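Reader: Hello! I am new to this structure and would love a close look at a single part of it. Could you walk me through one spot and then show me what else there is to see?

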Amino acid sequence: MSRIGKLPITVPAGVTVTVDEDNTVTVKGPKGTLTQAVNRDITLKQEGNVLTLERPSDAKPHKAMHGLYRSLVHNMVVGVTEGFQKTLVLVGTGYRAQADGGKKLTINIGFSHPVILDAPENITFETPEQTKIVVKGINKQQVGNLAADIRAIRKPEPYLGKGIKYEDEVIRRKEGKTGK
């Protein structure tokens, strides 16, 4: 069996999981609602507060789908209960960010103009400091993609380390021209 796919998903109190006839999983929780279409070959069984996914055979595509859909459903359950977040750090003189109401982000990153981003649905921005951006949401994929888009505005460069980086990212530094 798939090592990830065979793990059961425990559904916490306050979260409801429903499966439609067309194998669409809907997870409702205190933070919101998420839906995901699951392949017809994968069956979902709910016994009490434990959800398990099963596959029809040990064929390679079925093994891959088994682990994939188990991870997606588990991330949905975690998202509607706790949520996900990514923290970005701005490194550089004069680099700063400001979140306006959590739905609009203004970044001054050394361009002649400020970069303004609007948050999609279920995503919010926070700026605990001028040089930190926290992207929060219930959908792990959306949070990760938006954080990657923000980082792509100005990637960290290897000589001075200036740019936008993830909080836990390590930048491999290079020696400049004077180093012989």
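Author: Let's start with Tyr-166, which sits in strand β13, a stretch covering residues 163-166. Please keep in mind that this is a predicted model. Which residues does Tyr-166 touch, once those up to four places away in sequence are set aside? They are Lys-86, Thr-87, Leu-88, Ala-147, Ala-148 and Arg-151. Val-89 is also worth finding: 77 residues along the chain separate Val-89 from Tyr-166, yet their C-alpha atoms are 6.0 Å apart.

Two of those touching residues, Ala-147 and Ala-148, lead us on to helix α2, as they fall within its range of 140-153. Helix α2 takes part in the largest pocket: along with β4 (32-37) and α1 (60-81), α2 supplies at least two residues of the lining. The space in this pocket comes to about 200 Å³. If you would like to trace the lining, look for Leu-34, Thr-35, Gln-36, Leu-72, Asn-75, Met-76, Ile-138, Asn-139, Lys-140 and Gln-141. Sorted by class, the lining holds 4 nonpolar residues, 5 polar ones and 1 charged one.

Now for the sheets. Strands in a sheet are paired through hydrogen bonds of the backbone, in a parallel or an antiparallel way. One open sheet here has 3 strands in the order β8-β9-β10, with antiparallel pairing. Its edges are β8 (96-100) and β10 (115-118), each of which pairs on one side only. On average, neighbouring strands of this sheet are turned by 20 degrees against each other, ignoring direction. How many bridges join β8 to β9? There are 5, and β9 spans residues 104-108. To see one of them, take Arg-96 and look across to Asn-108, its bridge partner in β9.

Another open sheet, also antiparallel, is made of 3 strands in the order β1-β6-β5. Here β1 (9-10) and β5 (43-47) are the edge strands; each has a single partner strand, so one side of each lacks a neighbour in the sheet. Between β5 and β6, which covers residues 50-54, there are 5 bridges, and the two strands run antiparallel. One pair to look for is Leu-44 with its bridge partner in β6, Leu-53.

How values were computed
Residues numbered from 1 in each chain as written. Predicted model: local features only at pLDDT ≥ 70, side-chain atom pairs only at ≥ 80, totals over all residues. Heavy atoms only, no water. Pairing = 2+ DSSP bridges. Helix = DSSP H or I, 4+ residues; strand = E, 2+ residues; numbered from the N terminus. Axes fitted to C-alpha atoms, helices over the stretch in contact; angles between N-to-C directions. Contact = heavy atoms within 4.5 Å. 1 Å grid on protein atoms, 1.4 Å probe; cavity = no way out; pocket = protein on both sides within 12 Å on 5 of 7 lines; lining within 4 Å. Points joined across faces, edges and corners; volume = space filled by probe spheres on them. Nonpolar A, V, L, I, M, F, W, Y, C, P; charged D, E, K, R; others polar.
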